[in-house]
Every structure is written in structure tokens, then in C-alpha cells.
Amino acid sequence: MPGTPSKKASCWSRFPERGHGTTDGHIASNAEPGDPPVNAATDPSDLILLNPVGSAGWRLFQCAEAVSTNDLARSLHPWNAVRAARQTTGRGRFGRQFVSDEGGLWISAVLPATDPSARWAGFSLMVGCHLVKMLEEWHVPAARLRWPNDLMAGRKKLGGLLLEQAQPGALIVGFGLNVSNAPWDHDPALATIATSLCRETRRDWDLETVTTRTLDALADAHQAMLEGGMAAAISELNNRWASPVPVELQLSTGSTTTGRLAGLDPEGHLRLLDAEEREFLVEHQSVEKLVELL
Amino acid sequence: MKKLRVTVDGKTYEVVVEALDEDGRSAAATSTAPLLQQTAVAPPASSAPRPAAPVAGGSGAVVSPLAGRIVSVDCQAGQKVTAGDKVVTVEAMKMNTFVYAGVDGTVAAIAVNAGDAVEEGQLLVTIS
């Protein structure tokens with residue numbers, strides 16, 4: 001079970017802010033990327049600190065196993081991240097569990113967010129957009145987003161995001177990506193709906209390379225959000241969905257509506273096309289579930 | 001209730017509406033049916049950023065800081081809470097926002113349930 005998060009940021013003083021030195025004896029400051037993590041983390045004090053990562057100078061902590069990297073990340077300052085080789089109770093949207101076996105990237109990163117919550121409402125989409133750009137750089141075939149921000153290769157899921165605004169002034173970006181792992185070995189039902197970076201690109205991937213590029217993408221998304229917000233990025237974001245895909249929306253009212261998803265408008269409404277190609281809008285908060293009718 | 005598609009200022013929305021009687025109550029009222037449910041609204045077109053919803057700073061009214069859906073209600077009616085206790089979790093486009101009590105007190109009323117769609121500024125919990 002996830003540990004109980006602290007009500008306030010009382011654990012933050014234990015960990016260094018970006019650019020500062022290391023802290024107490026629980027942290028091994030000289031570990032190198034690739035060194036095997038030695039502890040199963042049940043508490044932030046079990047984390048091992050690696051050397052700075054990526055162009056933004058992220059401080060990356062790692063552990064062999066975590067209940068949830070998002071839970072551990074709540075104790076970290078902005079520009080710190082925690083990565084686990086395995087998660088035992090990884091969380092998706094609305095608490096749904098997902099398989100987080102060894103060989104995948106299971107990471108949670110903390111970003112500064114001093115503006116009010118509503119200012120960051122579309123940030124998960126911005127992050128998804130930048131991560132898809134990363135997949136495109138790596139020549140993942142048919143890399144795209146699925147509402148709200150699953151990372152897909154065609155019809156199969158590569159990864160997913162869960163963001164949390166748990167503390168004032170900070171956002172936690174939880175990201176899971178299948179790299180060389182094979183979750184379908186644990187759950188055969190995943191064989192038809194999930195894939196991995198290695199499978200799609202037919203090559204091996206170094207987890208450190210994937211981690212570094214991912215953290216760079218998160219920093220880029222954060223900067224883009226500060227500079228122009230969602231309105232400025234809406235065109236680029238809409239290019240990351242599949243070309244209008246038939247969908248069924250299950251709404252919080254209990255009703256359903258169908259159409260072809262054409263993207264978002266600058267206010268964050270979902271844009272759909274009906275059978276006569278007329279556009280209509282649906283509020284994102286009304287959508288309980290979106291099912292692609294491929 | 002009836003599902004309609006309405007066009008306002010050139011933008012088309014799907015809405016679910018319920019007929020009301022003269023007193024504003026549902027014509028087919030049940031004790032728990034909301035008066036109006038809608039799947040879309042027609043917000044005024046504006047490029048200016050909306051002001052942040054008032055988070056409960058010193059008030060017993062805990063409101064949603066953004067539009068989204070209720071993931072969980074993390075308190076119970078009658079529960080004693082202190083300022084900073086998490087009372088509700090709101091989700092918007094895969095971002096969970098934790099909403100905290102702004103004052104010490106007792107949870108007097110809970111205005112939402114898990115799965116409800118909420119607007120920015122909508123009352124979630126009342127603390128007395």
C-alpha cells in the first residue's frame with residue numbers, strides 16, 4: 001500500500017534543491033548511472049542519489065522497488081526525480097493499477113508550479129505532446145497521443161502519464177514507459193494492447209539514455225507552458241492525435257456520444273465531428289471514458 | 001432528461017437538459033436528481049487568463065481550484081479536520097490536484113461525490 005503522504009512539505013528539507021550539495025548519510029552521492037540500486041524504497045530515505053542528469057541538471061534518485069514513485073516524489077524539491085526498477089502498486093488514472101516490471105522506465109519528476117492550479121490544467125497534455133516528439137525522434141512508428149495522454153504506437157500503448165499537484169508550488173509528473181520489459185508476460189491480456197520501445201524500434205535501448213531524454217522533454221514542456229501556455233501549443237498538440245479517429249465518449253451523466261475526435265480548442269474542449277462533418281464540443285471534465293472505435 | 005445539441009455564437013455544444021416545473025424543481029423529481037446536467041457549456045470567448053478560483057484560505061468553504069472530475073472525497077461528514085488536511089482530489093486531463101481544508105473545524109457538508117464533474121470555484125466541502 002502506498003505510504004501516507006505528509007500533509008505539508010516537511011520532508012523536503014532532507015533532500016537537496018537543484019544545484020545544492022548532498023544531504024545526510026542515507027544518500028550515496030557518488031553512485032553512477034547503471035550502478036545497481038540496492039534498496040527497496042519504502043521511504044524517501046531509502047533512495048540513492050545519482051549524478052545530475054540532463055540539460056536541466058535534474059537530480060535523479062533511484063531505488064530497486066517502490067510502491068509508487070509518485071508517492072516517493074512528494075518528498076522531493078522541484079527538479080528532483082525518482083526512478084524505480086519496479087513498481088509494486090503503480091497507479092494510473094482514478095487509481096487503476098498497471099504492470100511496472102523491470103526494464104521499463106518508472107519515474108516521477110517534480111517541477112515548480114507557483115501559479116494557481118487552474119493555470120496548469122492542460123499541462124498533462126503539454127507533457128504528452130513533448131514525449132510524443134521524443135518518440136518521433138526515436139523513429140517509433142505511428143507515435144501518437146490517445147486522449148487524454150496515453151503514448152501510443154499505432155493501436156498499442158507504450159506509456160502513460162499521471163500528474164499530481166500535491167503540494168503548493170510543485171507538480172509531480174509520473175511517467176511509465178515500456179522500454180525492454182514485457183508486461184504481457186505477466187498479464188497475457190496486454191499482448192494485444194501494449195508494446196515497448198524495443199519492440200517498436202527493433203533495437204536495444206539503454207535505460208539511462210531514455211531517462212535523460214525523458215527528463216529533458218519534461219523540462220522543455222515546463223518551459224513551453226510558462227512561455228505560452230496551452231493556447232500557444234494547441235496546434236502542435238492537435239497534430240499529435242491520430243487523424244480524426246472515431247470515438248465513443250462515456251459521459252459523467254451516464255450517456256454516451258460518438259463522433260470523430262479532431263483535437264482540442266484553445267479553451268480545452270474536445271472537438272468532435274459528427275456524421276455530417278459538423279463540429280461540436282464537449283467539456284473535458286464531462287468525459288468519464290473515451291473509447292477509440294478503431 | 002433529454003440530450004440536445006445547441007449552437008451558441010457559432011460553436012456547437014452537446015447538452016443534457018431536464019424539464020423543470022414553475023418552482024424550478026425537476027418535473028420528474030427524485031430526491032437525488034440534479035436540476036440541470038450539461039455535458040458542455042458555452043463559455044465567453046476570451047484570450048485573457050481566468051483568475052484563479054479562491055482556494056479556501058481562511059474560509060470554511062472549500063472550492064475546486066479548477067474544472068475537472070472528483071477522483072475521491074478524502075473526508076467524511078462530521079470529521080474533525082485541521083487546515084492543510086486533504087479533503088478532496090480533483091482530476092483534470094490526467095492531472096490530480098489535491099484540495100486541502102483552509103481552516104480547522106468539522107466537516108459540515110460534502111457537496112460532491114466521486115465521479116462528479118465540477119467547475120472551477122464550485123463548492124466541494126463546507127467546514128464549520
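The following exchange goes through the interface of chain A with chain B and the strand pairing of chain B in a predicted model.

Biologist: What makes residues of chain A and chain B count as being in contact?

Modeller: The criterion is heavy atoms within 4.5 Å, and on that criterion 47 residues of chain A are in contact with 40 residues of chain B. The area buried between chain A and chain B comes to about 3,500 Å², with carbon and sulfur atoms giving 56% of that area.

Biologist: Why is the meeting of Asp150(A) and Lys94(B) called a salt bridge?

Modeller: A salt bridge needs a side-chain nitrogen of Lys or Arg within 4 Å of a carboxyl oxygen of Asp or Glu; Lys94(B) and Asp150(A) lie 2.6 Å apart, N to O, and therefore the pair qualifies. The count between the two chains is two salt bridges, and there are also nine residue pairs in polar contact, both residues being at pLDDT 80 or more.

Biologist: Which elements of chain A give two or more residues to the side that touches chain B?

Modeller: They are helix H2 (123-137) and the strands E8 (156-167), E11 (256-264), E13 (279-282) and E14 (287-292) of chain A. The largest share, eight residues, comes from E8(A), and the residues of this side of chain A divide into 18 nonpolar, 16 polar and 13 charged.

Biologist: How do you know that E8(A) pairs with strand E7 of chain B?

Modeller: Two strands pair if DSSP finds at least two bridges between them; three bridges join E8(A) to E7(B) (residues 95-100), so the requirement is met, and the two strands run parallel. Leu163(A), for example, has Met95(B) as its bridge partner in E7(B).

Biologist: What makes E4 of chain B a partner of both E9 and E6 of chain B?

Modeller: Strand E4(B) (residues 68-73) shares two bridges with E9(B) (residues 117-118) and four with E6(B) (residues 86-92); as at least two are required, both count as pairs, and both are antiparallel. Arg69(B) has Ala117(B) as its bridge partner in E9(B), while Ser72(B) has Thr89(B) in E6(B).

Biologist: Why are E3 and E5 of chain B called edge strands?

Modeller: In chain B an open sheet of four strands has the order E3-E10-E8-E5, with antiparallel pairing, and E3 (61-63) and E5 (80-81) each pair on one side only. E5(B) and E8(B) (residues 105-110) are joined over two bridges, which means that the requirement of at least two is just satisfied. The bridge partner of Lys80(B) in E8(B) is Thr106(B).

Terms used:
Residues numbered from 1 in each chain as written. Chains lettered and ligands numbered in written order. Predicted model: local features only at pLDDT ≥ 70, side-chain atom pairs only at ≥ 80, totals over all residues. Heavy atoms only, no water. Buried area = accessible area lost by both parts, 1.4 Å probe. Polar contact = N/O pair within 3.5 Å; in protein donor to acceptor, adjacent residues only side chain to side chain. Nonpolar A, V, L, I, M, F, W, Y, C, P; charged D, E, K, R; others polar.
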